[in-house]
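Hello,

Here is the structure I promised to pass on to you. Please have a look at it first, and then read my notes below.

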Amino acid sequence: MGAAEMNINESIDLMINFSKSKNKKNEILLIKADISMMTLICIITDVLAWLRLEYKRERWIAEGRKISMRPLSLDDNYPWCQVLKVLVEEEELFKNNFIITNNKFDFAPNITEEERKAVRKKVFEEIVPIVIMN
């Protein structure tokens, strides 16, 4: 592992800070891919929402509920899903920490269960979901 590789905690911290930031700047990504800010916001929001849900699932499993952890399902009909695949291949923020297999986004195998639990908890505690009411 090179010194430049971003660990899971750094990656999650960047995503959390980006999601909380009022003036969105694209400093979060190192690649020069032509990604719209809306697409990036969508990707970060969905990844963080998945991590929040995984934390809830973890708690439900501990309570004895018959559910399991699940990767984030991607659908190629949505442009953000296609972009996320590129990011996982090319972008430090994602590439060492996450994988996509059969259109499922998940932690990379090198991320320990301890690290997974810690980042799920951090996201759950720091990110308040936005509820849109009609």
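Let me start with Asn 97, which sits in the loop between H4 and strand S2 (98-101). Please keep in mind throughout that this is a predicted model. Is Asn 97 buried or exposed? Its relative accessible area is 2%, so Asn 97 is buried. Setting aside neighbours within four places in sequence, Asn 97 is in contact with Met 6, Asn 7, Ile 8, Ser 11, Glu 92, Asp 106, Phe 107, Ala 108 and Ile 111.

One of those contacts, Glu 92, leads on to helix H4. Glu 92 forms a salt bridge with Lys 95, and their closest N and O atoms are 3.7 Å apart. Both residues belong to helix H4, where they are 3 residues apart, about one turn of the helix. The two partners do not fall into one accessibility class. Glu 92 has a relative accessible area of 17% and is therefore buried, while Lys 95, at 35% relative accessibility, counts as partly exposed.

Helix H4 also brings us to the aromatic residues. The structure holds 7 aromatic pairs. In one of them, Phe 94 and Phe 98 are tilted, with 6.1 Å centre to centre and 55° between the planes. Phe 94 has 0% relative accessibility and so counts as buried. Phe 98 has 1% and is buried on that basis. Phe 94 also pairs with Phe 105: the ring centres are 6.4 Å apart and the planes stand at 75°, so this pair is edge-to-face. Which parts of the chain does the pair link? Phe 94 is in helix H4 (residues 92-95) and Phe 105 in strand S3 (residues 104-107), so the pair links distant parts of the chain, 11 residues apart. Phe 105 counts as buried because its relative accessibility is 0%. Taken further, ring pairs link Trp 50, Phe 94, Phe 98, Phe 105 and Phe 107 into a cluster. You may recognise Phe 107 from the contacts of Asn 97.

Now to the charged side chains. How many salt bridges does the structure hold? There are 9 salt bridges. In one of them, the side chains of Arg 120 and Glu 58 meet at 2.6 Å, N to O. Arg 120 lies in helix H5 (residues 113-126) and Glu 58 in helix H2 (residues 37-62), so this salt bridge ties together parts that are 62 residues apart in sequence. Both Arg 120 and Glu 58 are buried.

Helix H5 has a salt bridge of its own: the side chains of Glu 125 and Lys 121 meet at 3.4 Å, N to O. These two residues are 4 residues apart within helix H5, about one turn of the helix. With a relative accessible area of 54%, Glu 125 is exposed, whereas Lys 121 counts as partly exposed at 38% relative accessibility. Elsewhere, salt bridges that share partners join Glu 58, Glu 113 and Arg 120 into one network.

The packing of H2 and H5 is worth a look on your screen too. Their axes come within 8 Å and cross at roughly 110°. The two helices are therefore roughly perpendicular to each other, and H2 passes H5 in a left-handed crossing. On the H2 side, the contact is made by Leu 48, Leu 51, Arg 52, Glu 54, Tyr 55, Lys 56, Glu 58 and Arg 59. On the H5 side, it is made by Lys 117, Arg 120, Lys 121, Val 123 and Phe 124. Glu 58 and Arg 120, the salt-bridge partners from above, thus both take part in this helix contact.

Finally, the overall picture. The protein has 5 helices and 3 strands. Read from the N terminus on, its elements run α-α-β-α-α-β-β-α. Buried residues make up 35% of the 134 residues in the protein. Of the contacts between residues at least 6 apart in sequence, 56% join residues at least 24 apart.

Best wishes

Definitions and conventions. Residues numbered from 1 in each chain as written. Predicted model: local features only at pLDDT ≥ 70, side-chain atom pairs only at ≥ 80, totals over all residues. Heavy atoms only, no water. Phe/Tyr/Trp six-rings, centres within 6.5 Å; stacked < 30°, edge-to-face > 60°. Buried < 20%, exposed > 50% of the residue type's maximum accessible area, 1.4 Å probe, protein only. Salt bridge = Lys/Arg side-chain N within 4 Å of Asp/Glu carboxyl O. Axes fitted to C-alpha atoms, helices over the stretch in contact; angles between N-to-C directions. Parallel < 35°, antiparallel > 145°, perpendicular 65-115°, else oblique. Left-handed = near helix turned anticlockwise from the far one by under 90°. Contact = heavy atoms within 4.5 Å.
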